[in-house]
Structures are given as C-alpha cells and as structure tokens.
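Okay, everyone, thanks for coming. Let me put the model up on the screen and we'll walk through it together.

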Amino acid sequence: MTSSLDDRQSLQLRRLLETGLPLAPRPYQLLAARIGASEQAVIEQVRCWSESGLFRRVGLVVKHRALGFQANAMLVMDIPDEQVDAVGRALAQAPGINLCYQRPRRLPQWTYNLFCMVHGRERRQVCELIEALLAEHGLSEVPHQLLFSSRAFKQCGGRYAPPAAQEPAGNG
C-alpha cells in the first residue's frame with residue numbers, strides 16, 4: 001500500500017503523531033487539515049506505517065495523578081521461568097492490574113522478572129488489592145516487593161520523525 005502524502009506531509013504527520021492524537025471524534029480528519037491532506041490519505045499513511053512495523057499499536061497515555069490516582073505501585077515478583085507466562089497471563093486479566101509484563105532479571109542485585117502496575121487512590125487500597133491477588137493466585141510466598149511511586153515522570157508516546165536538526169537544509 002502506498003500513500004498519497006508527499007514527503008513534507010509525511011514528515012509533518014509523523015511529528016504530529018508524536019504529540020498524540022487529537023481528542024476529537026475524527027482525529028485523523030484534524031491531522032489531515034493541519035498538513036493539507038485528506039482524511040483518507042492520513043488513514044492510509046498510518047495503516048502503511050503500521051503494516052511496515054514503524055509502530056505496533058496506538059496507545060493512550062493517562063496522567064494518573066491528574067485523575068486522582070496518587071497511590072501508584074509496581075508489584076515486582078520473582079516467578080520461576082517455567083511459570084512466568086501462565087502467571088503473567090492470569091495477572092494481566094485480574095481486576096486492578098493496569099499493566100503486566102516480563103523483563104529479564106539483572107542478577108545478582110535484581111531477581112524480579114514479572115512486573116504488574118496498579119493505580120489506586122489510596123495506598124491502603126493498593127496494598128489490600130495486591131494481598132488479595134497474591135493469595136487468590138497462590139503467589140503469597142513468591143519473592144516480591146510492592147514499589148510505590150514517589151514522583152511522576154514525563155510521559156510521552158513514541159518518536160517517529162528525525163529531530164529537526166537532522167533534516168537537510170531547504171526542506172520545510
């Protein structure tokens with residue numbers, strides 16, 4: 001599939017996508033208007049980039065603290081390698097778990113390989129949820145820690161376009 005966008009429009013679209021989709025009923029229509037293209041051309045270009053692997057998904061960055069979720073914690077666990085896929089799938093489906101993923105251990109200091117993010121309004125609520133989930137899934141005795149966030153870092157989506165300093169002169 002090819003796009004009907006020219007190189008300038010394509011670069012503009014990539015930069016706009018880095019800032020996120022507009023919160024509107026037809027976000028691609030708004031992006032199209034900003035780059036002087038049709039909504040269909042923008043949709044085709046996004047589909048083409050997706051199919052070529054530029055990005056795998058369109059996600060949503062939620063500012064949890066702004067929504068009143070002040071007790072945000074990462075549950076880290078040391079799950080036996082032969083069980084990590086099954087445990088991860090089960091926990092990813094559990095109410096209250098917002099994100100669940102596997103990462104390599106960094107031995108000898110870091111023995112944990114499964115990570116689950118929980119967002120809550122109160123610390124006590126998050127602790128109770130985690131205790132209940134661990135008990136329900138038979139994981140209470142598995143080595144784990146509950147790490148609460150102490151501050152929020154800047155959240156942003158993917159970067160798809162080269163920085164402006166790397167563009168050839170005369171394009172723009």
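So, what is the mean pLDDT of the chain, and what share of its residues reach 70 or more? The mean is 86, and 78% of the residues get to 70 or more; pLDDT, remember, is the predictor's confidence in each residue, from 0 to 100. Quick housekeeping: this is a predicted model, local features need pLDDT of at least 70, side-chain atom pairs count only at pLDDT 80 or more, and totals for chains, interfaces and linings use all residues. Residues are numbered from 1 along each chain as its sequence is written, and side-chain values use heavy atoms, with hydrogens and water left out.

Now the layout. The chain has five helices and four strands, running α-α-α-β-α-β-β-α-β from the N terminus. Those are DSSP runs, numbered from the N terminus: helices are H or I with at least four residues, strands are E with at least two. Among these elements, helix 1 (residues 7–18) has the lowest mean pLDDT, 92, and helix 4 (residues 84–92) the highest, 97.

On to the sheet. It's an open one, four strands in the order 2-3-1-4, paired antiparallel; pairing here takes at least two DSSP bridges between two strands. Strand 2 (99–102) and strand 4 (144–148) sit at the edges with a single partner strand each, so one side of each has no neighbour in the sheet. From one strand to the next, the twist averages 20°. Strand 2 and strand 3 (residues 114–120) pair over four bridges, and Y101 has F115 in strand 3 as its bridge partner.

What packs on that sheet? Helix 5 (residues 123–136) does, touching strand 1 (71–77), strand 3 and strand 4, and its direction makes about 160° with that of strand 4. Axes are lines fitted to C-alpha atoms, for helices over the stretch in contact, and angles run from 0 to 180 degrees between N-to-C directions. Contact means heavy atoms within 4.5 Å.

Back to helix 4. V84, V87, G88 and L91 are buried there, meaning under 20% relative accessible area with a 1.4 Å probe, protein chains only. They cover an arc of only 100° around the axis, which puts them on the same side of helix 4; that arc uses directions from the helix axis to the C-beta atoms. Their cover includes strand 1, strand 2 and strand 3.

Last bit: over residues 166–172, pLDDT stays under 50, and the model has two contacts beyond four places in sequence for them. Where pLDDT is low, the predicted coordinates should not be read in detail.

Definitions and conventions
Buried < 20%, exposed > 50% of the residue type's maximum accessible area, 1.4 Å probe, protein only.
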